[in-house]
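Visitor: I am new here and would like to learn how two chains are judged to meet. Could you show me around?

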Amino acid sequence: MSSLPARESSAVLSEQRTEQPAVALISNKSASPQYAAYLRLQKRKLWLIRLSRIAVFVLFLAIWELAAAMQWVNPMLTSRPSSMVTAFQELAFEGELFRHTWITGLETIIGIVVSMVLGTLIAVLFWWSTFASRVLEPYVVVLNALPKVALGPIFYIWLGDRYSVYGMAVAISIIVTIIMIESGFKEISKTKLKLMESFGATRSQMLTMVLLPASVPNFIATLKVNVGLTLVGVIMGEFLSSKAGLGYLITYGGQVFQMNMVMVSIAMLALLSIVLYSLVDLLGRYALKKNHYE
Amino acid sequence: MPQIELNEVCLSYFTLKQETEALRDINLSIEPGEFISIVGPSGCGKSTLLSLISGMVKPTKGKVMIDGQEVSGTSPKVGYMLQHDHLFEWRDILSNLLVGAEIRKMDRKKAERKALELMERYGLGGFERHSPAQLSGGMRQRVALIRTLVTEPDIMLLDEPFSALDYQTRLTLSDEIFNIIKDQGKTAILVTHDISEAISMADRVMVMSKRPSTISSVYTMLFDEGAYLSPWKKREAGRYHVYFNAIWKELEGHVVSTG
């Protein structure tokens, strides 16, 4: 450095200056009136969107209720929001609605965890051994294309009515997990691994120091896909065999022609998927932050 | 005794379709503390030569020796600097600097002290906890150099370390990196396709031919202005253009005969 001390320090200073994110420079206090107006406009737009979302929901319920009340549709077949509220109260207090929701939720979470862990292990195996990956590749392709619902009876016979739900949930989500995680591994730049190799890294060091941390955003994306897929699997499993859970309530309600029960269960299912998705979203934000991705 | 020696080294790539001869009969001998530049037409196997010296690729024929011992795998004596910095986004600067030390299972406290000292010395003090995205391209490349220096190699292999940077940063950084490497007393081999960079940084410039490549000639850089010039000064030195034109002519010959 001896030859160019002046240039060195000025370069660092200017680099520090450019580092300040442009947004931070404009604090609200010093904002020009035009900028304040722009901010107000953006805020108004955001609120309009939020209100419209709620309005769509309310309108949907209102038309539904009105259509049933005016006998445009047969409420025996469509149910109606007002009777759903009554049905909800009955089910909540006597029909153990929350227990069923809890069971479905728990099954889904266990299903997600199992297929994430197993799927990641298998993806790691495929990365570790090119031989294994090439041997097993066609099987993964076939299993991916196979409609997993067709395996329902097998799970029922092998695992019984309680555990077949997990079989179905994992069967539906694990293949996609393997494929997503594996393709994520492949996208991690070869030269990052070359750098590791130049330091004499072993394969397990490459895995723990590059592949897994670099895959954090991909893990989160996979997790989000898995919330939906595993729920499909769990409900499917409950349809086929179970004695509890929202899937069971829905088929049961259908069999005894209780559309209120069916509709309330579906509403709870929608709520459950929102909750699960939000949980994954929170977890994802935390993981990204912890790994300096934001 | 030369620090790096290549004896009759040949390298061929095999695919199911064909065999490609990349390097043929490479002979090379580099003394400790020397700075060597290698130029050649693109695809001539300049980077492959570095991979051979680093031990990541084994020669098909011939011997690669470092300090009189045959290279049989990556060695702590050799540090490699790539075209892109490849800093890990999920680590801050300091823990990026410790990647090599971590892989080599070096003493963490000692490595950390060394990293902090080098950061301070080479104008990165205070950036320990920054994330790589917050640094400019030139600073990131300096971090990459320090990451290699933390593992205390004797030999630095530089694989077009400036080619991803803009011209201005490139000139400044080549001065800086040259100084750091001389300051640390390392032997260095720089692969580049920039003739001016090759001349201004090296004690000797080796020109490679097209594939199957050999070293077609070696130029020893001697300037009337003095023996220890910075790259900047060498670009202004009298004989700079003589070397530039000679190497340019030779490379042109290789390119034309390829076509």
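Guide: Gladly! This is a predicted model, and chain A and chain B bury about 3,100 Å² between them. Carbon and sulfur atoms account for 62% of that area.

Visitor: How many residues are in contact across the two chains?

Guide: On chain A there are 28 residues in contact with 37 residues of chain B. Contact here needs heavy atoms within 4.5 Å.

Visitor: What makes the pair Glu89(B) and Lys192(A) a salt bridge?

Guide: A side-chain nitrogen of Lys or Arg must lie within 4 Å of a carboxyl oxygen of Asp or Glu. For Lys192(A) and Glu89(B) the N to O distance is 3.5 Å, so the pair fits the rule. The rule finds one salt bridge across this interface, along with four residue pairs in polar contact.

Visitor: Which elements of chain A give two or more residues to the side that touches chain B?

Guide: They are helix H1 (5-19), helix H9 (190-198) and helix H10 (203-214) of chain A. H9(A) gives the most, with seven residues.

Visitor: What classes of residue make up that side of chain A?

Guide: The side of chain A that touches chain B has twelve nonpolar, nine polar and seven charged residues.

Visitor: Why is part of chain B called "ABC transporter"?

Guide: That name comes from the UniProt annotation "domain: ABC transporter", an unreviewed entry, which covers residues 4-235 of chain B. Such annotations may be inferred rather than shown by experiment. In the model, this span is 33% helix and 26% strand, and its end C-alpha atoms lie 28 Å apart.

Terms used
Residues are numbered from 1 along each chain as its sequence is written. Chains are lettered from A and ligands numbered from 1 in the order in which they are written. This is a predicted model: local features need pLDDT of at least 70, side-chain atom pairs count only at pLDDT 80 or more; totals for chains, interfaces and linings use all residues. Side-chain values use heavy atoms; hydrogens and water are left out. Helices (H or I, at least four residues) and strands (E, at least two) are DSSP runs, numbered from the N terminus. Buried area is the accessible area (1.4 Å probe) that two parts lose on being put together, summed over both. A polar contact is a pair of N or O atoms within 3.5 Å; within protein, one must be able to donate a hydrogen and the other to accept it, and residues adjacent in sequence count only if both atoms are side-chain atoms. Ala, Val, Leu, Ile, Met, Phe, Trp, Tyr, Cys and Pro count as nonpolar, Asp, Glu, Lys and Arg as charged, and the others, Gly among them, as polar.
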